[in-house]
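Here's a quick briefing on a couple of spots worth a look. Pull up the structure and follow along.

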Amino acid sequence: MATAQLSHSIRIHKASKETVFPSQITNEHESLIMVKKLFATSISCITYLRGLFPESSYGERHLDDLSLKILREDKKCPGSLHIIKWIQGCFDALEKRYLHMAVLTLYTNPKEPEKVTEIYQFKFKYTKEGATMDFDSSSTSFESGTNSEDIKKASVLLIRKLYILMQNLGPLPNDVILTMKLHYYNAVTPHDYQPPGFKEGVNSHFLLFEGEPINLQVGLVSTGFHSMKVKVTTEATRVSDLENNLFQENGTTEIAHQGLDCDEEEEECNDHIQRMNFVCSQQSSESSRKKRKVSEPVKVFIPDRK
């Protein structure tokens, strides 16, 4: 049922020695481990609180006082193996420093995958700058130093904010289909590269929402070697209970990937244009942007939510 997600919630526990993130980040390898775990934890949070898998598909880990649900291989639930395969494919692309964006998309009509009902965007950069985090919110701002404790604090804040958002979103439609597209950095990614579980995909910058979408900025965490930015686009009617300025941006009924496949400067420009009046056609949107190499799953996933 669409309301299955509502029975899932955060549980508070005493601090545990078994934690999600590494205790220190002093080099690129430790940073990669951190970003992988942050990404996997975020996907697990989304799938759990959106009611996409049964309780048996999750193990329990701790992050400070939060008891988190983390996806695990559940042979009784083939779908969990499906999503874990996608996550592992993303890990492969991250290790090679190819991955630019992972986009988890939910839609309802198998014949119209471009007509979406919810999007989760994970944007990655590979840097050697100081660690920073920005929640893109007028009410929350945090800038960390380069030490491991500050990076952990930034990551905990991102996960907490994602959990708050997931628990306050209205339910999804009964029948949804999941897919994940991977966008790459063309300059370094071999033309024939495909991570495990993925095949060559079509790079379309044009998506349609079934209703009125709204953008929800979750946050950005940087370790000094990697950064991951999280953004959610969902149906406006699902966020009626959220505080006005906690997550929200202006939305549009037609979406040219809302900052996907763009540099930061392009995102700011595109958002400004959309806020003024988004009237671009699909053809003009496609022709004005460069094509980026894209992968899509070998198979999409249809959850059994009965």
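Let's start with a hairpin: β11 and β12 have three residues between the strands, and in it G224 takes a positive phi near 100°. Keep in mind that this is a predicted model. From there we go along β12 and its neighbours, then over to a cysteine in a loop.

**Strand β12 and its partners**
- β12 covers residues 226-235 and is mostly tucked away, with ten of its ten residues buried.
- On the hairpin side, β11 (residues 213-222) runs antiparallel to β12, and nine bridges join the two.
- If you want a register check for that pair, L220 has K229 in β12 as its bridge partner.
- β12 also pairs with β5 (residues 115-126), again through nine bridges and in antiparallel fashion.
- For the β5 pairing, look for I119, which stands opposite T233 in β12.

**C77 and its surroundings**
- Where does C77 lie? You'll find C77 in the loop between β3 (66-71) and α2 (78-95).
- Is C77 buried or exposed? Its relative accessible area is 12%, and the cut-off for buried is under 20%, so C77 counts as buried.
- Leaving out residues up to four places away in sequence, C77 touches F53, P54 and S57.
- Take F53 from that set: F53 and C77 sit 24 residues apart in sequence, while their C-alpha atoms are 7.7 Å apart in space.

Key:
Residues numbered from 1 in each chain as written. Predicted model: local features only at pLDDT ≥ 70, side-chain atom pairs only at ≥ 80, totals over all residues. Heavy atoms only, no water. Buried < 20%, exposed > 50% of the residue type's maximum accessible area, 1.4 Å probe, protein only. Helix = DSSP H or I, 4+ residues; strand = E, 2+ residues; numbered from the N terminus. Pairing = 2+ DSSP bridges. Contact = heavy atoms within 4.5 Å.
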